Amino acid sequence: MAGVLGCFAGRFGRVEPRRAAAALVTGLLSDLEVKTCWQLAERAGHARPDAMQRLLYRAVWDADVVRDDLRQLIADRFGAPDAVLVVDETGDLKKGMHSVGVQRQYSGTAGRIENSQVGVFLGYAGSDGHTLIDRRVYLPASWTEDRQRCQAAGVPDEIGFATKSQLAADMITAALDAGVPAGWAAADEAYGNSAAFRAHLREHGLGYVLAVSRSHLVPLDGGKARVRADRVAADLPDRAWQRRSAGAGSKGPRFYDWAWLDDVCTDADPDDGGRHSLLIRANTTTWELAFYRCWTPRPASLAQLVRVAGIRWTVEEAFQAAKSQVGLDQHQVRRWDSWHRFTTLALAALAVLAICAADAAHHDPADTALIKLTVNEVRRLINACIIRPIIDLAHRLHWSQWRRRHQARARRSHYTRRLNLELQP
């Protein structure tokens, strides 16, 4: 934990905001159920929430610079040439109309149109771990066209309207310009359907596996014909499908049937030097289809594309951990700066959990009787050993091992059942 906090401690010119930031991150890692400024201040022993609120509103520090330090720390720890940059968005439900970016809009959290605030995030999946490394709040046109409303929320005058795919492209560019090692990008169809986003990735020489909608028009025969993705799948023979795992899941290998149309789907620029292809995934039981536009600067194998497609789910895991473990969605702030400051410190708390889990898996001897430490279990141990040490620590460690042993038995049973089902004719 000290390593993560230490990487940006020097960004606070005064000791008071530095201490408040450390207390806020520690509070986010604590076992508090609600993690607003009031609860975090009370847990830190403050008589009032003023220090926490000042940190997020008036204190002098640059959240983007702290973000840069945190991103570099994660790249140093998890960096790999074939790492994957994953973009996605998540929404927080809001009741009022004054929080920055809030309006009635589709929220994946609610699964419907709700009054919500949406943030676009960049995840990083490297050699032995993954977490979130960047964030942007999405400002709808109803905000950017109302400069008085933006001014009231502290939105800088130079900030104009940008689509979610443009925000994602900006974060990827910033990461690559900062030297973050990556070979791939992955995203869902909200980003894969954007030709401008795909072209942006190709300009950076970044291979991609991007989901697209079933109605997406796939350019075939050098762009002379455009066919719906689901029609392309319907015309494939049985021999076109191969069963492969997209990675390990909680209940075993995630087997799907895959079809790969190599060296097709050429976009507007046929001379970009890479290979375009269409990847189709089919659920082995329901035959529900998913489609991916792929591009690689060099020839790639089906196994590589399937791996990247499977890694996209790490951003969903990161969102779940960030909200359930470090209170990413529990901020009660309205202003532009405050949102970015709270979110950046929440990403720092999430990085603590991700790095500790990876370090434990790397240093501990392999024990098939126990599952690897999860971020959830790491947070429990941080609370028991550091934040609020308990007298009978051996008792708490015993329970930690019991949980991991029980989960390992359950996982082995799920794996055996899943493999038996896959082997059935």
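This is a short talk on the core, the strand pairing and the aromatic contacts of one protein model.

Okay, before anything else: what we have here is a predicted model. Keep that in mind as I go through it.

Let me start with the inside. The largest nonpolar core has 115 residues. Which residues have the most contacts inside it? Those are Leu85, Ile172, Phe197, Val209 and Tyr292. As for who supplies that core, helix 14, residues 336-363, gives the most, with 17 residues. Apart from this core there's another one, of 14 residues, and Val232, Ala233, Ala259 and Ala282 are among them. As a general background point, nonpolar side chains in soluble globular proteins tend to be buried together.

Let me pick out Leu85 from that list. Setting aside neighbours within four places in sequence, Leu85 is in contact with a long run of residues, including Leu122, Gly123, Tyr124, Ile133, Leu176 and Trp184. Ile172, which was also on the list of residues with the most core contacts, is one of the contacts of Leu85 too.

Next door in sequence is Val86, in strand 1, residues 84-93. Is Val86 buried or exposed? Its relative accessible area is 1%, so Val86 counts as buried. Val86 and Gly123 are 37 residues apart in sequence, yet their C-alpha atoms are 4.8 Å apart in space. Beyond its sequence neighbours within four places, Val86 is in contact with Phe121, Leu122, Gly123 and Ala186, and also with Ile311, Arg312, Thr314 and Val315.

Now to helix 10, residues 195-203. Its buried residues are Phe197, Arg198, His200, Leu201 and Arg202, so you'll notice two arginines in that list. After helix 10 comes Gly205, with a positive phi near 70°.

Strand 12 is the one I'd like you to look at on the screen. Seven of its eight residues, 289-296, are buried, so strand 12 is largely enclosed by the rest of the structure. What does strand 12 pair with? One partner is strand 6, residues 207-212, antiparallel over five bridges. In that pairing, Val209 stands opposite Cys294, and Val209 is one of the residues with the most contacts in the largest core. The other partner I'll mention is strand 11, residues 275-283, again antiparallel, over eight bridges. There, Arg281 stands opposite Ala290. Strands 11 and 12 form a hairpin with five residues between them, and Trp287 in the turn has a positive phi of about 60°.

Hold on to Arg281 for a second, as it comes up again with the rings. Arg281 lies over the face of Tyr256, at 4.6 Å from the ring centre. Tyr256, for its part, forms one aromatic cluster with Trp258, Tyr292 and Trp313. And Tyr292 was on our list of residues with the most contacts in the largest core. Elsewhere, the charged end of Lys164 sits over the ring of Tyr138, 5.0 Å from the ring centre.

How many aromatic pairs are there in the whole structure? The search finds eleven. I'll show two. In the Phe12 and Trp61 pair, the rings are 5.0 Å centre to centre with 45° between the planes, which is tilted. This pair links distant parts of the chain: Phe12 is in the loop between helix 1 and helix 2, Trp61 is in the loop between helix 4 and helix 5, and they're 49 residues apart. Phe12 is buried at 2% relative accessible area, and Trp61 counts as buried at 7%.

The other pair is Phe121 with Trp339. Why is it called tilted? Because the ring centres are 6.3 Å apart and the planes sit at 55°. Phe121 is in strand 3, Trp339 is in helix 14, and 218 residues separate them along the chain. Phe121 and Trp339 are buried, each with 3% relative accessibility. Phe121, you'll remember, is also in contact with Val86.

Last stop, Ala229, in helix 11, residues 229-234. Ala229 is buried, at a relative accessible area of 0%. What does Ala229 touch? Not counting residues up to four places away, the list is Ser213, Arg214, His216, Val218 and Phe291. The C-alpha atoms of Ala229 and Ser215 are separated by 6.0 Å, with their positions 14 residues apart along the chain.

That's my tour, and I'm happy to take questions.

How values were computed
Residues are numbered from 1 along each chain as its sequence is written. This is a predicted model: local features need pLDDT of at least 70, side-chain atom pairs count only at pLDDT 80 or more; totals for chains, interfaces and linings use all residues. Side-chain values use heavy atoms; hydrogens and water are left out. Helices (H or I, at least four residues) and strands (E, at least two) are DSSP runs, numbered from the N terminus. Buried means under 20% relative accessible area, exposed over 50%, partly exposed in between (1.4 Å probe, protein chains only). Contact means heavy atoms within 4.5 Å. A nonpolar core is a set of buried Ala, Val, Leu, Ile, Met, Phe, Trp, Tyr and Cys residues joined through side-chain atoms within 4.5 Å. Two strands pair if DSSP finds at least two bridges between them. Rings of Phe, Tyr and Trp (its six-membered ring) pair if their centres lie within 6.5 Å; planes under 30 degrees apart count as stacked, over 60 as edge-to-face and the rest as tilted. A charge sits over a ring if NZ of Lys or CZ of Arg is within 6 Å of the ring centre and within 35 degrees of the ring normal.
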